[in-house]
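The paragraphs below go through one protein chain, from its overall layout to its helix packing, its core and a few single residues. Please keep the sequence and the 3D view at hand while reading.

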Amino acid sequence: MIQLNFMDLSEEAKERLLLRAKKDVEQEFGIAIEHHAKNGFSNYDEMINTEAQRKLYDYQYVFKV
């Protein structure tokens with residue numbers, strides 16, 4: 001669960017959330033994505049970014065007003 005202040009919907013907050021999602025994806029799927037990228041099927045960073053953006057929809061957010 002991710003807690004955000006209601007006023008914390010800036011570009012910086014979005015970037016922090018995306019960085020957190022990237023770290024989660026790398027921990028969870030990093031080896032599989034790296035293997036897939038090494039075999040020439042895709043770009044590693046591009047795949048991490050795509051999966052991180054998908055992961056953002058899986059988080060549960062709590063907004064403090």
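For the packing of two helices, the axes are lines fitted to C-alpha atoms over the stretch in contact, and the angle between them runs from 0 to 180 degrees, taken between N-to-C directions. The model discussed here is a predicted one.

The layout comes before the packing. The protein chain has 2 helices and 2 strands, and along the sequence these elements follow the pattern β-α-α-β. The chain has 65 residues, of which 25% are buried. Contacts between residues at least 6 apart in sequence can be sorted by their separation: 67% of them join residues at least 24 apart.

How are the two helices placed against each other? The angle between α1 and α2 is about 135°, and their axes lie 8 Å apart. Angles over 145 degrees would count as roughly antiparallel and those from 65 to 115 as roughly perpendicular; α1 and α2 are therefore oblique to each other. The crossing in which α1 passes α2 is right-handed. On the α1 side, the contact is formed by Leu 18, Ala 21, Lys 22, Asp 24, Val 25, Glu 26, Glu 28, Gly 30, Ile 33, Glu 34, His 36 and Ala 37. On the α2 side, the residues are Tyr 44, Met 47, Ile 48, Asn 49, Glu 51, Ala 52, Gln 53 and Lys 55. By class, the residues of this contact divide into 9 nonpolar, 4 polar and 7 charged.

The next topic is the core. In soluble globular proteins, nonpolar side chains tend to be buried together. Here the largest nonpolar core consists of 8 residues, namely Leu 18, Ala 21, Val 25, Ile 33, Met 47, Ile 48, Ala 52 and Tyr 59. Two or more residues of this core come from each of α1, which spans 11-38, and α2, which spans 44-55. The largest share is that of α1, with 4 residues. Leaving aside residues up to four places away in sequence, the core residue Met 47 touches Ile 33, His 36 and Ser 42.

Tyr 59, also listed in the core, sits in the loop between α2 and β2, the strand at 61-64. Is this loop residue buried or exposed? Buried means under 20% relative accessible area, and Tyr 59, at 15%, therefore counts as buried. Its C-alpha is 9.8 Å from that of Leu 17, although Tyr 59 and Leu 17 are 42 residues apart in sequence.

Tyr 57 lies in the loop between α2 and β2. With a relative accessible area of 74%, Tyr 57 is exposed. The C-alpha atoms of Tyr 57 and Ala 21 are separated by 10.0 Å, with their positions 36 residues apart along the chain.

A charged residue can be followed in the helix contact. Lys 55 belongs to helix α2 and counts as buried, at 16% relative accessibility. Residues up to four places away in sequence aside, Lys 55 touches Ala 21, Asp 24, Val 25 and Glu 28.

The loop that joins the two helices completes the picture. Asn 43 lies in this loop, between α1 and α2, and counts as partly exposed at 43% relative accessibility. Asn 43 and Ile 33 are 10 residues apart in sequence, and their C-alpha atoms are 9.1 Å apart in space.

Terms used: Residues numbered from 1 in each chain as written. Predicted model: local features only at pLDDT ≥ 70, side-chain atom pairs only at ≥ 80, totals over all residues. Heavy atoms only, no water. Core = buried A, V, L, I, M, F, W, Y, C linked by side-chain atoms within 4.5 Å. Buried < 20%, exposed > 50% of the residue type's maximum accessible area, 1.4 Å probe, protein only. Contact = heavy atoms within 4.5 Å. Parallel < 35°, antiparallel > 145°, perpendicular 65-115°, else oblique. Left-handed = near helix turned anticlockwise from the far one by under 90°. Nonpolar A, V, L, I, M, F, W, Y, C, P; charged D, E, K, R; others polar.
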